[in-house]
Amino acid sequence: MNDDTDLKSYANDTADGIISIANVSGAHSQDQLFELIRILKPGGSLVVNEPLAGRTSQHSMQLSSSLTLAGFTNISINSTGEFTEV
């Protein structure tokens, strides 16, 4: 998936899990997160992977807030190695 247009082609509640990998910190927009939760089946899992280079605690707080606003629960942010995984 490259952008929001790609996400809109998926039906509601179709994915058991989604892995989204970005090449820059803060790349997951609020609109993309809303689309991801729409696509996930109830109880599905999302893994978000963003690089740590240039990342601040503010980026992590913003991502966590955006995920919560999109409807995700049980959010855990792990900053290990070169990436942040949610």
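Q: What covers the buried residues of α3?

A: This is a predicted model, and in it the cover over the buried residues of α3 includes α2 (30-39) and β2 (40-51).

Q: Which residues of α3 are buried?

A: Start with the general idea: an α-helix has 3.6 residues a turn, so residues three or four places apart point the same way. Now the case here: Ser60, Leu63, Ser66, Leu67 and Ala70 are the buried ones in α3. They span an arc of only 130° around the axis, which puts them on the same side of α3.

Q: And which residues are exposed on the other side of α3?

A: There you'll find Ser57, Gln58, Met61 and Leu69, which are exposed.

Q: How far apart are the end C-alpha atoms of α3, and what should the helix span?

A: Take 1.5 Å a residue as your ruler: the 14 residues of α3 should span 20 Å. The end C-alpha atoms are 20 Å apart, so the two agree.

Q: What happens just after α3?

A: Look at Gly71, right after the helix: its phi is positive, at about 110°.

Q: Which residues other than glycine take a positive phi?

A: Asp13 is one of them, with phi near 50°. Asp13 sits in the loop between α1 (4-8) and β1 (15-21). With a relative accessible area of 43%, Asp13 falls between the 20% and 50% cut-offs, so it is partly exposed. Asn74 is another, with phi near 55°. Its place is the loop between α3 (57-70) and β3 (78-80).

Q: Is Asn74 buried or exposed?

A: Exposed means over 50% relative accessible area. Asn74 has 78% relative accessibility, so it counts as exposed.

Q: Which residues have the most contacts inside the largest nonpolar core?

A: The general idea first: in soluble globular proteins, nonpolar side chains tend to be buried together. In this model the largest nonpolar core has 13 residues, and those with the most contacts inside it are Ile18, Leu33, Leu36, Leu40, Leu46, Leu67 and Phe72. The elements giving two or more residues to this core are β1, α2, β2 and α3. Leu67 is also among the buried residues of α3.

Q: Where is Ile21, and is it buried or exposed?

A: Ile21 lies in strand β1. Its relative accessibility is 64%, so Ile21 counts as exposed.

Q: What separates the C-alpha atoms of Ile21 and Val47?

A: Along the chain, Ile21 and Val47 are 26 residues apart. In space, their C-alpha atoms are separated by 8.2 Å.

Technical notes: Residues are numbered from 1 along each chain as its sequence is written. This is a predicted model: local features need pLDDT of at least 70, side-chain atom pairs count only at pLDDT 80 or more; totals for chains, interfaces and linings use all residues. Side-chain values use heavy atoms; hydrogens and water are left out. Helices (H or I, at least four residues) and strands (E, at least two) are DSSP runs, numbered from the N terminus. Buried means under 20% relative accessible area, exposed over 50%, partly exposed in between (1.4 Å probe, protein chains only). The expected span of a helix is 1.5 Å times one less than its number of residues. The arc is that of the directions from the helix axis to the C-beta atoms. Contact means heavy atoms within 4.5 Å. A nonpolar core is a set of buried Ala, Val, Leu, Ile, Met, Phe, Trp, Tyr and Cys residues joined through side-chain atoms within 4.5 Å.
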